[in-house]
Amino acid sequence: MFRDDLDVKPERNWRGEAGLKLPFYRRGWFSALVALAILAVVAAFGVYSTVMAPMRKDAEKFDLEELKKLESASIIYDRNGDEMSRLYVLNRTPVPITDVPQHFIDALVAQEDSRFFKHDGVDYIGLTRAMWLNFRAGEVTQGASTITQQLARQTFKLLEKSYKRKILEAFLAQRVEKHFSKSEILELYLNRIFFGANFYGVQAAARGYFGKDVKELTIEESATIVGLIKSPNNIQPVKHPQRALKERNYVLDRMVIEGTLTHEDAEKLKSKPLITAPQSTDPRLSYVFDAVRREVVDLVGEDRASIGGFRIYTSIDQDLQKAAEDAVTKRMAEVEKRPGYEHQTFAQFRAIMTDYRARLKRGEIDPATPKPMPEYLQSAALMIDNKDGSVLAMVGGRDFGDSQFNRATDGVRSVGTAFTPLVYAAAFSSQGLYPGTKVDDAPLDNRRVMIGGLTGILGEWGAEVANPKWSQAPMSSREALVQGRNSATIRLGERVGVPMVKQVAQKAGITSELRDYPSTFLGASEARLSEMCLAYSNFPTLGSRPQKLNLIQRITDSNDKAVFQIAESALQSVQSMDPIAAYQTHTCLVEALHRGTGSPAVSEYKLGEFVAGGKTGTHYEFKDVWFLGYTSGVTCGVWAGFDKMKTIYPGAFSNRIVLPVWTDMINASTTRFVPVEIAPPQVAERVEICQRSGMRATDYCYEKIKGANGVEKSVRSTYFEYLRPGTPLDGFCTMHTGDGLPKEMDQFRYQSPLSGIESTPLIADAAKWTHIEPVRMQALTVIGEDPYNAEQAIPRARPVNDDGSPIRKAIPVDAVETRDEGPVLKLAPPPPMKIDL
């Protein structure tokens, strides 16, 4: 009935005869698909084995404890080891996640990682989308990094832009998710990331941009800060308010999409202006602490500085620092009250800022309106140790909160006549020139100098007086420097030349470029206050100055291990000026301070009675005023002027503006650095000079001076000059010939024993003899046995009794004792010589 092998007959249809229908797994396309899948698996395994597996192993090598190592506060110590302040080197103040408002977290998640609370460290959906978009673009345009990945990247500095880095970052993020909770990751992230303008962490950003703690931020303020994350410096609201406003509104829209903010609320918030507070700084910061912070970053690097916890030992003297800050504050306020001062005052700017904040808060002005900049008179002060260049006190401006620009170290301004001591030092370094060298003091055509114009007469503002007068006669170089005579200074500078002056100034410590014109003699070139202090430190040290200024002496980490130690070689001084020239300039600067342009320091500002020298510096049109001076232990400089250069007021001489600040600072320094006499170089020759003639002094160099009681007396009118051996002098004084000779000098006059009539002095005073130079004794005139038994000076100490009488010494018995009461042999004077003319 049944057949074992039935023939299957093909079926027919309208298309014709049809073959048998094979199963799909026996079809060709399925085989090709399976082969492709197997190939893909093999390829994936190969990629995993050669790329992914090594990346996973590399991810295991990172120490996750590094995530917790946020910057801790560093302690700053003064030169005595006393704590001055605690601050964060990178302006970071960590806060717990409990201080961060929920709406800030909502804004952060909506903007940076919408699936943060769902993924294991990697957002695979976002990653797939980013890979597709990058493939279409042909370059990496989308990151798709989660908050966890960003934390890993910033902590371990994974900054390479490549897929290999992304894979490593993903594996590392998965490790982080296994070891830390979501709240811990958020806290680590928000305290670490950079928000622009030197703000690290969310607390620093909240304080800097809105003047409040992070827990006080509103929704729109939180959205503003979150909007900065992708490009902090390009979006920060202070510099780019419109960009920041656009990003803020985008974050608010993202919160609506994520369901953490209603559309209505978002629209209301988007309509609000972007109002930022004036950027505030850490209240513990000042110019000196900011300088310390910056130097720490330079010395240890930003990566290491971000850890913090350092002990920073500085050269600052806290008492001198306070004295400097108080002096600048007090004396600049006094200047603003003087007649003729018509500029913005410090108090007026405070009122302007108060009004600005109030109007911003009320919405009366555009939030993009720049913050008012201070236009009040600024000042800077610096004091250094002459021995090693240690900075003892530093003031970079009147208020660090108003302006963080450090005018003591970074300000480059025309130094005015404070530069002239370097001109004189260059002259005194030349053979044959010394403080007694005569220079003309007469009006000078300004075409030779070209300060302030090409025509006219050179101004004498360097004399620091309202109505200067030219002497119209030669004066000594010493007097020209003491009295600040500009025309005389120019003439002396021309004798040595601009190249010589520039060479001396640069070796002295001025690194700023100096102009190749005669105007450089009067300080037309610009320099920093720090450079000028270094240059002036040559004068009390005989030309041996510190190599450079130093502020930080030592840095140790939290384990007290030295991170930085200043080298002993860096504290050694260098010989940068001729010792004799430096000392000669010093003696002139001592007089300039006490009886010259700086004399108000003694007469009005109560400078103490100690050895000090200094020089005023007033630039053309009273735009920059300086005073530089020193004692044996310290050098101090003060500057004042406006950030936008303009005249302080007509007649604003430096001895009225900055000299009081310098005097206050120097007086404060004498308890720690007791001034002592500055000894001349041993090779210098000590020569007595007549003040009136400028020539070598004689026994007759006296002047009649009438005292307060009306009694006239003779006063020695000489001083001592220390000269380079071989310096040519003009001979002996011919201006004093006996007039005004004191009574005790009468014994040197000659009286004839025959006539009893007093004759002329031993030195001829008749007009016809004045051209003859007196013959001076070079040695003893009696050699061998002295028949007159004249007493000779003994250059050694002689023993005396308590009452001052000399101690008698033993005399040999066979010696003949000389008796004072014995007869005295009187010899007649030799007969006068007869000279036929």
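This tour moves through a predicted model, from its nonpolar cores to its ring pairs and a helix crossing.

**The largest core**

Begin by selecting Val296, Phe419, Leu422, Ile510 and Met532. These are the residues with the most contacts inside the largest nonpolar core, which has 82 residues. Next, colour helix α12, residues 287–300, which supplies the largest share of this core with 8 residues.

Now centre the view on Met532. Leaving aside residues up to four places away in sequence, Met532 touches Val415, Ala418, Phe419, Ile510, Ala527, Trp626 and Leu628. Two of these neighbours, Phe419 and Ile510, are also listed among the residues with the most contacts inside the core.

**Helix α20**

Extend the selection to residues 529–536, helix α20. How many of its 8 residues are buried? The count is 8 of 8, so the helix is largely enclosed by the rest of the structure. The buried residues of α20 include polar ones to inspect, Ser530 and Glu531, alongside Met532, Cys533 and Leu534.

**The second core and an aromatic pair**

Move to the second, separate core, which contains 54 residues, including Leu188, Phe199, Ala204 and Leu252. Keep Phe199 selected and add Tyr209; both residues are buried. Their rings form an edge-to-face pair, 5.0 Å centre to centre, with 85 degrees between the planes. Phe199 lies in the loop between α6 (182–192) and α7 (202–210), whereas Tyr209 belongs to helix α7, so the pair ties together parts that are 10 residues apart in sequence.

**Further rings**

The structure holds 15 aromatic pairs in total. For another group, select Phe346, Phe349 and Tyr376, which ring pairs link into a cluster.

Two lysines that lie over ring faces may be viewed next. Lys646 is placed over the face of Phe642, at 4.8 Å from the ring centre. Lys230 lies over the face of Tyr250, at 5.9 Å from the ring centre.

**A helix crossing**

Tyr250 leads to the last stop, because this residue is part of helix α10 where that helix contacts α2. Show α2 (residues 102–112) together with α10 (residues 241–257). Which way do the two helices run relative to each other? Their axes come within 8 Å and cross at roughly 90 degrees; α2 and α10 are therefore roughly perpendicular. To display the contact itself, select His103, Asp106, Ala107, Ala110 and Gln111 on α2, then Tyr250, Val251, Arg254 and Met255 on α10.

Definitions and conventions:
Residues numbered from 1 in each chain as written. Predicted model: local features only at pLDDT ≥ 70, side-chain atom pairs only at ≥ 80, totals over all residues. Heavy atoms only, no water. Core = buried A, V, L, I, M, F, W, Y, C linked by side-chain atoms within 4.5 Å. Buried < 20%, exposed > 50% of the residue type's maximum accessible area, 1.4 Å probe, protein only. Helix = DSSP H or I, 4+ residues; strand = E, 2+ residues; numbered from the N terminus. Contact = heavy atoms within 4.5 Å. Phe/Tyr/Trp six-rings, centres within 6.5 Å; stacked < 30°, edge-to-face > 60°. Lys NZ or Arg CZ within 6 Å of the ring centre and 35° of its normal. Axes fitted to C-alpha atoms, helices over the stretch in contact; angles between N-to-C directions. Parallel < 35°, antiparallel > 145°, perpendicular 65-115°, else oblique.
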